[in-house]
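Visitor: I should like to learn how the features of a protein model are read, one at a time. May we begin with the helices and then proceed to the side chains?

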Amino acid sequence: MSRLFTRHVWEIQQPFSSLRTIKARFELLPPLVSYHGFSTTPHRNIMEMTGFTENQMTVREAINAVCSQFPNTYWQEHDLKEEDPREFHAAMAEGGWLGIALPEELGGSGLGISEAVMMMQTITESGAGMAGAQAIHANVYATQPLAKFGSKEQLEYTIPNIISGKWRTCFGVTEPNTGLDTLRLRTIAKKQADDSYSVTGQKIWITCAQVAKKMIILARTTPLEEVKKPSEGLSLFCIDLDKNASGLDMRKIRKMGGRAVDANEVFFDNYKIQADTLIGSENQGFKIILHGMNAERCLLAGEALGLGYVALKKAAEYARERVVFQRPIGMNQGIAHPLADAYMNLEAAKLATYHAARLYDRSKTDESIKQDAIGVAANTAKYLAAEAAFTACERAVMTHGGMGYAMEYDVERWLRECLVPRIAPVSREMIMNYISEKVLQLPRSY
């Protein structure tokens with residue numbers, strides 16, 4: 001167990017003084033506005049907790065302590081004003097949580113994706129929703145390929161600055177003209193005489209680019225027509241996002257949910273990057289980035305679970321308390337049964353999610369666990385969790401009736417945000433294509 005994690009264990013095991021210790025960490029942050037008591041999500045579990053490891057339970061308790069500093073009204077206001085939750089990011093960084101799945105020698109906690117999934121689920125489940133998760137999750141999954149394939153300088157200089165919160169990072173893969181057809185992306189990194197690169201192209205839906213110092217970007221270094229397979233000729237870089245440099249432009253996208261974190265179009269026009277920004281070997285970027293993609297699917301599944309559980313808990317509480325026709329509305333099977341169904345869907349998705357995370361972690365020491373098996377598990381988990389979350393959030397709004405449409409009850413915010421794990425980073429339809437081909441061995445349809 002890492003030294004950092006041992007410290008967290010000790011702190012939350014102390015009676016009451018532990019919470020004061022954690023709370024004291026945030027005294028230097030800007031003061032939060034006053035909050036309505038009814039808008040704070042209480043931390044009573046409806047998720048069945050049997051079967052989780054001691055590490056996972058410790059992470060959950062510690063992250064709940066951090067998130068308790070940021071009640072639902074904090075997220076309501078940041079969503080409304082489209083303000084970055086910098087205080088939350090700073091709090092997570094100060095506690096060392098941005099490095100939860102990175103090696104101790106790089107300043108991380110030395111834990112796995114299984115613990116990171118629990119962390120991300122706990123964040124969304126606290127009421128922070130996808131905005132809270134998106135404020136930090138690229139720091140978790142985008143650093144996985146960097147930690148595995150990065151140069152000595154990248155490992156010793158870049159990663160510690162990301163873990164400390166000094167630098168924020170974003171992930172640059174998606175493009176407007178290729179969408180999910182990643183192997184045919186059009187952003188080019190052209191090598192120059194001095195071994196530097198000139199990047200030209202466009203990325204879209206890049207979360208936190210406005211506040212990021214670094215971008216993990218995938219670009220083509222060998223033209224598609226010159227490679228044997230489309231998966232070849234792509235390279236991965238960890239680049240500076242210098243907003244004042246020539247050749248870089250960003251445009252913020254106004255969006256439906258998660259408005260506290262920015263999403264962007266990013267344009268490159270002969271943007272200069274240095275040779276030492278290359279991660280691993282040139283033209284091997286797609287193989288390298290897969291180490292981040294499976295982790296990302298696991299994390300998104302956990303985030304979806306958290307959204308579903310918090311929405312369902314809120315709906316159940318409302319159904320118990322709301323009296324119409326002289327009886328709680330939860331007595332009606334028309335209310336109770338859809339919520340019970342949503343709960344069972346979430347519990348099933350939970351099992352798939354933590355199974356995928358365990359496979360990912362164990363594959364590092366168990367050569368019998370193949371990447372294909374991890375891919376199937378991670379995609380399945382993401383699909384099931386996203387669908388379960390959408391069902392729970394939609395039924396939570398409907399259970400609240402007219403008040404489900406009111407901002408202060410939060411369920412409308414969670415419904416808007418739960419569409420993210422359904423759409424990103426890969427659509428439901430592409431996951432079904434993947435399972436059809438890889439598992440059922442059916443002909444490829446695209």
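Guide: Helices (H or I, at least four residues) and strands (E, at least two) are DSSP runs, numbered from the N terminus. The model is a predicted one, in which local features need pLDDT of at least 70, side-chain atom pairs count only at pLDDT 80 or more, and totals for chains, interfaces and linings use all residues. Residues are numbered from 1 along each chain as its sequence is written, and side-chain values use heavy atoms, with hydrogens and water left out.

Visitor: Which residue just after helix 9 takes a positive phi?

Guide: That residue is G165, with a phi of about 90°. Helix 9 itself covers residues 152-163. Its 12 residues reach 16 Å from the first C-alpha to the last, close to the 16 Å expected at 1.5 Å a residue; the expected span is 1.5 Å times one less than the number of residues.

Visitor: Which residues of helix 9 are buried?

Guide: Buried means under 20% relative accessible area, exposed over 50%, and partly exposed in between (1.4 Å probe, protein chains only). In helix 9 the buried residues are Q154, L155, T158, I159, N161, I162 and I163.

Visitor: How should backbone angles be read in general?

Guide: Most residues other than glycine have a negative phi, and most peptide bonds are trans. In this model D195 has a positive phi near 75°; D195 sits in the loop between strand 2 (188-191) and strand 3 (197-207) and counts as partly exposed at 41% relative accessibility. W205 also has a positive phi, near 55°. W205 belongs to strand 3 and is partly exposed, with a relative accessible area of 48%.

Visitor: Which residues does a cis peptide bond join?

Guide: The cis bond joins A424 and P425, with omega about -5°. P425 lies in the loop between helix 14 (419-423) and helix 15.

Visitor: How many salt bridges are counted here?

Guide: Side chains of opposite charge can pair when their charged atoms come close. The criterion is a side-chain nitrogen of Lys or Arg within 4 Å of a carboxyl oxygen of Asp or Glu. By this rule the count is 20. One of them pairs E82 with R254, whose closest N and O atoms are 3.2 Å apart. This pair links distant parts of the chain, 172 residues apart: E82 is in the loop between helix 4 (72-81) and helix 5 (86-94), and R254 in the loop between strand 6 (248-252) and strand 7 (263-273). E82 is partly exposed at 22%, whereas R254 is exposed at 66%.

Visitor: What does a salt bridge within one helix look like?

Guide: E347 and K350 both lie in helix 11, 3 residues apart, about one turn of the helix, and their closest N and O atoms are 2.9 Å apart. E347 is buried at 14% relative accessibility, and K350 is buried at 5%. Apart from residues up to four places away in sequence, E347 touches M47, E48 and Y309, where contact means heavy atoms within 4.5 Å. A further bridge pairs E412 with R416, the closest N and O atoms being 2.9 Å apart. These two residues are separated by about one helical turn because they are 4 residues apart in helix 13 (residues 411-417). Salt bridges that share partners also join E387, R422, R428 and E429 into one network.

Visitor: What does A392 contact, leaving aside its neighbours within four places in sequence?

Guide: A392 is in contact with G308, A311, A342 and L346. A392 lies in helix 12 (residues 371-400) and is buried, with a relative accessible area of 0%. Its C-alpha is 8.7 Å from that of L415, 23 residues apart in sequence.

Visitor: How many disulfides does a search of the whole structure find?

Guide: A disulfide is a pair of cysteine sulfur atoms within 2.5 Å. The search finds 0. The sulfur of C67 is 16 Å from the closest cysteine sulfur, in C208, and is therefore too far for a bond. For C238 the closest cysteine sulfur is in C170, 9.7 Å away, which is also too far for a bond. C67 is buried at 3% relative accessibility, and C238 is buried at 4%.
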